[in-house]
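Reader: I would like to go through this model at the level of single residues and helices. Please keep the answers short.

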Amino acid sequence: MCGCPAGQRCAGCGAAYYCGKEHQKLHWKQHKPACSPIKESRSPEMGRFLVAARNLAAGEVVLRETPLVEAPPPSTPPVCLACYRTLAEATAKDCPRCGWPMCSAECADNPKHRPECRLTVQKRGNKMNIRNFGLPHPSYQCMATLRCLALRDAQPAKWRRLLELESHCEERRDTPRQEQERFGVVQFILRVFPKLRDEDKVTEDDILRVCGILQVNGHEVPLSEPPHVAVYDRSSLLAHSCRANCAKSFSSSGELVVRTAVPVQAGEPLTICYTDPMWGTAARRQHLQETKFFWCRCERCSDRTELGTYFSALTCPGENPDCPGAIMPDDPLAEGGAPEDGDPDVLGAAQYWQCSQCDISMPTGSVLSLLRRVGEDLSELDKDDAEACRIFLQRYGGDEFPLDLKEKEEMRRPMLSRNHFYLTDVRLALAQRYGQDGGDALQGLRQLTDGELAHKRQLCRDLLKLAERLVPAEHRMRGLLWFELHAVEAEASRRRGLDQGPDPDALRVSLLESRRCLSEVVNLLRCEPPELPEGKVLRQARLNLQELEQLLCALHNAVGVAPL
């Protein structure tokens, strides 16, 4: 504002300096459009990507963005094209202009429906005639692509931004997915909307490019059932990491909300995970190569121990039962497939898995055969059966339980490492399964034995420790586990009171631990919308937290124990 020496920096972006608060306030209208905690960067290896413009603390919202385009998923029965509810033939109402079935007249007038409605009227000439409700309908395969094409004339600025996104056209060429799109999307659009081809000169390559943009940049939005898909502009520049430093959520209106999961230094790339971070390394890397066209070399994938968790490792199969080593691939970045591929040779015949402590090694084919066998048992496991889950964990992980099993496995050396992704999958299911019997959650917890309650507590603690180390951006999973742990602590406190009588000191400690758990829930789930299960848990956690604060105050007033 004045050119004087400036000792005060904008807290939002860290890029603008002022001599004092008065000039900072005067300059705000000019500075606001450029004020952001993130900025765009570029490199030959990564192309365009977003970095932190300043040091960011964990939990800061760095991006909030409405979609460029959204649409129902490609494989869906007829759904309303505004609210995405599944339609029934008896209740569906055809749009009076274009004939696409909608759930109501209000939805037919919703702006979300405008793109395909306009194209149907202008580029087709006849109304659509959708029948065969209840089964996946081929007409909806093209909807996302059609809405993208509608931007070209109706919103050219958005169209240009869409075309700037990566499509990987060369890598997608002649792949099975592209051939399917050529038949199910390209031919459908050019046949059903002939004026796009004849008047607007839309070509097959134009449509396939849009299909590529949707594949590479699409997000699944869980606000509808089935979830719909959306493409965002700046959010598409978030880089990938299997240990992401940012978490994403969706608002009730469909905005993508991105916030930091860990502290991020200025200039550091902002990352989300493009695949399922709870898969093993081989499965994650193969999925990324097949869907995003790159082999991941992030910090986690490059480390054969997966940041010290041994998430994909086996226990040493050598004759020495006391060997503490883990069997891991000698090269975790070998380009190849995952255990689910069914082909022992996909990772390369030359690769071996080597023990970290002794000279024992196993050919990759033998490892994949073993993992395939365990995976088959997991696929047949009824995760609603707590006893079956415990037997699986004992058989393959050597877990010991604070309770007796009806069917005990012969004690033998565990096959999988303690934190293996197969075992983690079952532990997650079991931690949430405990306490589900009964009319409500409270009643279900009260039906647990002391041993089952203790096991639920240990599962939650172990899983939270693993998640914090391996997947700190998995806020939904971590928030739900903290809520389960809060429920355990509350029930354990109730039982102690019944067995030992009232003890103000013990009650205070228990209440403070419950408050700590609930505070974690609120912090992790605070961006989740009320429509989702996590949003409902958030609401309950806030109510429980209010009650806890009142109890702590009452305890302080009654016996003078400080509500710390």
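**Helix packing, cores and a pocket**

Author: This is a predicted model. A helix makes a convenient start: the buried residues of H10 pack against helix H9 (204-217), strand S11 (239-240) and helix H11 (299-302).

Reader: Which residues of helix H10 are buried?

Author: Helix H10 covers residues 281-291. Buried here means under 20% relative accessible area. The residues of H10 that meet this are Thr281, Ala283, Arg284, Arg285, Gln286, Leu288 and Thr291.

Reader: What phi does phenylalanine 293 take?

Author: Phenylalanine 293 comes just after H10. Its phi is positive, at about 70 degrees.

Reader: Is arginine 469 buried, partly exposed or exposed?

Author: Arginine 469 is part of helix H16. Beyond its neighbours within four places in sequence, it contacts Arg243, Leu307 and Thr309. Its C-alpha atom is 8.8 Å from that of glycine 308, 161 residues away along the chain. Because its relative accessibility is 45%, arginine 469 counts as partly exposed.

Reader: Which residues touch the most other members of the largest nonpolar core?

Author: In soluble globular proteins, nonpolar side chains tend to be buried together. The largest nonpolar core here has 64 residues. Those touching the most other members are Leu314, Phe392, Leu416 and Leu481.

Reader: Which elements give two or more residues to this core?

Author: One strand is on the list, S17 (352-355). The helices are H12 (364-380), H13 (386-397), H14 (421-433), H16 (450-470), H17, H18 and H19.

Reader: How many residues are in the other core?

Author: The other core lies apart from the largest one. Among its members are Ala82, Leu87, Cys98 and Leu151. Its residue count is 48.

Reader: Which element gives the largest share of the lining of the second largest pocket?

Author: The second largest pocket holds about 880 Å³ of space and is lined by 32 residues. Helices H15 (441-446), H17 (475-500), H18 (504-525) and H19 (533-559) each supply at least two residues of that lining. The largest share, 10 residues, comes from H19.

Reader: Which lining residues lie nearest the centre of the second largest pocket?

Author: The lining divides into 15 nonpolar, 8 polar and 9 charged residues. Nearest the centre of the pocket lie Leu442, His486, Ala487, Ala490 and Asn544.

Reader: Where does UniProt place the SET domain?

Author: The end C-alpha atoms of the span 36-275 lie 27 Å apart, and the span is 31% helix and 19% strand. The unreviewed UniProt entry places the feature "domain: SET" at residues 36-275.

How values were computed
Residues numbered from 1 in each chain as written. Predicted model: local features only at pLDDT ≥ 70, side-chain atom pairs only at ≥ 80, totals over all residues. Heavy atoms only, no water. 1 Å grid on protein atoms, 1.4 Å probe; cavity = no way out; pocket = protein on both sides within 12 Å on 5 of 7 lines; lining within 4 Å. Points joined across faces, edges and corners; volume = space filled by probe spheres on them. Helix = DSSP H or I, 4+ residues; strand = E, 2+ residues; numbered from the N terminus. Nonpolar A, V, L, I, M, F, W, Y, C, P; charged D, E, K, R; others polar. UniProt positions renumbered as here; feature names shortened; annotations may be inferred. Core = buried A, V, L, I, M, F, W, Y, C linked by side-chain atoms within 4.5 Å. Buried < 20%, exposed > 50% of the residue type's maximum accessible area, 1.4 Å probe, protein only. Contact = heavy atoms within 4.5 Å.
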